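Subject: Structure for you to look at

Hello,

I am passing on the structure we talked about. Please open it first; my notes on what was found follow below.

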Amino acid sequence: MAKPSVYVTRDIGPEALAVLKNHCNVTMWHEPMTPVPRDEIIKNIVGKDALLCLLTDNIDAEILDIAGPKLKAVATMSVGFDHMDVHEMKTRNIKVGHTPNVSTDSVAELTVALLLATNRRLLEASEAARNGEWTTWSPFWMCGPSLSNSTVGIAGFGRIGQQVAHRVKAFNLKSLLYHDMFEKKEEAKQLGAEFVPFEELIKRSDFVIATCLLTPETAKMFNDDVFKKMKKTAVFINTSRGGVVDQDALIRALKTKTIWAAGLDVTVPEPLPTDSELFKLKNCVVLPHIASASIEIRNAMAMLAVNNILAALRGEPMPGEVVE
Ligand code: DGY
């Protein structure tokens with residue numbers, strides 16, 4: 001019997017590709033640092049049984065139409081799936097997979113690293129030292145607000161939010177707050193976290209951390225109004241999706257010192273143009289979406305994406321099926 005055919009939108013590494021190639025005929029976009037152009041997807045998706053994509057690919061109804069009726073599975077090598085029209089896929093009985101769980105620790109780790117880099121001004125201080133601005137030890141030079149004895153508020157208390165909570169607890173906080181669509185009593189009890197309305201979270205927190213999914217409800221939830229309600233000393237950290245922030249409002253808040261600083265692993269657009277205001281602000285740390293960037297984790301994500309495809313092609317449940 002002929003092997004099923006799969007289009008893969010980037011090189012996902014030799015381990016995962018070898019497994020996929022054992023079971024399927026694979027066509028692939030080979031440029032590691034360039035997203036596959038849309039017309040390449042359109043050219044290659046016709047008649048395929050499955051598509052393995054990344055968060056940089058916009059997979060919408062047009063792509064599904066062009067793929068045709070053989071398409072049975074779409075799997076993204078990411079936890080986030082806001083770049084895909086999941087509803088449209090489910091309507092057409094196409095299985096949709098993502099990579100939950102495998103990157104949770106890595107993203108939580110980076111979130112804490114970004115928080116510390118932002119409040120303790122690590123990048124700014126290192127650059128100042130390199131540029132000869134380190135003329136003496138000075139009482140208040142390069143100071144920032146402490147995490148110890150502070151209130152941390154986590155917006156989005158899923159797997160990643162909970163693992164961030166678990167890590168920041170070690171910093172002897174005053175309070176740990178969270179907000180989500182639903183109260184998560186058991187998990188919160190174990191972490192000593194208090195469920196509060198979003199408005200209370202932003203007003204009370206010294207550190208506001210966004211770890212929520214990007215959905216129509218969370219789009220631009222961090223806007224002018226929200227930044228104005230935060231403390232002037234607040235540090236805002238985002239490792240979810242750039243779309244949860246009104247970026248112009250954030251730039252205004254940072255420029256006018258409405259909030260103290262921000263650390264962003266995600267922006268709109270990505271990559272962030274080098275002339276973006278965010279890069280000019282000393283009170284903003286920007287990382288190029290690297291929260292899950294550890295070798296083991298990226299291999300595990302690729303393998304789970306492959307296993308999602310293979311399971312769906314066998315008619316079995318995907319191990320990482322998207323639950324809406
Ligand atoms: C994801 O998996 O969605 C992350 O954003 C990738 O780092």
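The protein has 13 helices and twelve strands. Its radius of gyration is 21 Å, close to the 20 Å given by the globule rule for 324 residues, so the protein is as compact as a globular protein of that length. Please keep in mind that this is a predicted model. The C-alpha trace spans about 75 × 50 × 35 Å along its principal axes. Of the 324 residues, 44% count as buried. Among contacts with a separation of 6 or more, 64% are between residues 24 or more positions apart.

Two domain annotations come from the UniProt record, an unreviewed entry. The record lists "D-isomer specific 2-hydroxyacid dehydrogenase catalytic" for residues 6-322. That span is 37% helix and 14% strand, and its end C-alpha atoms lie 19 Å apart. The record also places "D-isomer specific 2-hydroxyacid dehydrogenase NAD-binding" at residues 112-291. Here the chain is 33% helix and 15% strand, with 10 Å between the end C-alpha atoms.

Next, the ligand. Around it are L55, S78, V79, G80, S103, H289, A291 and S292. By type, this shell has three nonpolar residues, five polar ones and no charged ones.

On the interior: the largest nonpolar core has 52 residues, and I209 and I259 touch the most other members. Helix 5, residues 104-119, gives the most to this core, with seven residues. Another core, of 40 residues, lies apart from it and includes C24, W29, L71 and I94.

Leaving aside neighbours within four places in sequence, I259 is in contact with F227, M230, K232, A234, F236, A253 and L254. One of these contacts, A234, sits in the loop between helix 10 (224-229) and strand 10 (235-238). Is A234 buried or exposed? A234 is buried, because 25 other C-beta atoms lie within 10 Å, and the cut-off for buried is 20 or more. With the same exclusion of sequence neighbours within four places, the contacts of A234 are S205, D206, V208, I259 and W260. A234 and R204 are 30 residues apart along the chain, and their C-alpha atoms are separated by 9.4 Å.

Some backbone details also deserve a mention. Most peptide bonds are trans, and most residues other than glycine have a negative phi. Which residues does a cis peptide bond join? One such bond joins V268 and P269, with omega about -5°. Another joins E270 and P271, also with omega about -5°. P269 is in the loop between strand 11 (261-264) and helix 12 (277-280), and P271 lies in the loop between strand 11 and helix 12 as well.

As for phi, N101 is not a glycine, yet its value is positive, about 75°. N101 lies in the loop between strand 5 (95-97) and helix 5. N101 counts as partly exposed, because it has 13 C-beta neighbours inside 10 Å. N172, also a residue other than glycine, has a positive phi near 55°. N172 is found in the loop between helix 7 (159-168) and strand 7 (175-179). With 11 C-beta neighbours inside 10 Å, N172 counts as exposed.

Regards

How values were computed: Residues numbered from 1 in each chain as written. Predicted model: local features only at pLDDT ≥ 70, side-chain atom pairs only at ≥ 80, totals over all residues. UniProt positions renumbered as here; feature names shortened; annotations may be inferred. Helix = DSSP H or I, 4+ residues; strand = E, 2+ residues; numbered from the N terminus. Near = placed C-beta within 6 Å. Nonpolar A, V, L, I, M, F, W, Y, C, P; charged D, E, K, R; others polar. Core = buried A, V, L, I, M, F, W, Y, C linked by C-beta atoms within 7 Å. Buried ≥ 20, exposed ≤ 12 C-beta atoms within 10 Å, placed from the backbone. Contact = placed C-beta atoms within 7 Å. Rg over C-alpha atoms; globule rule 2.2 N^0.38 Å.
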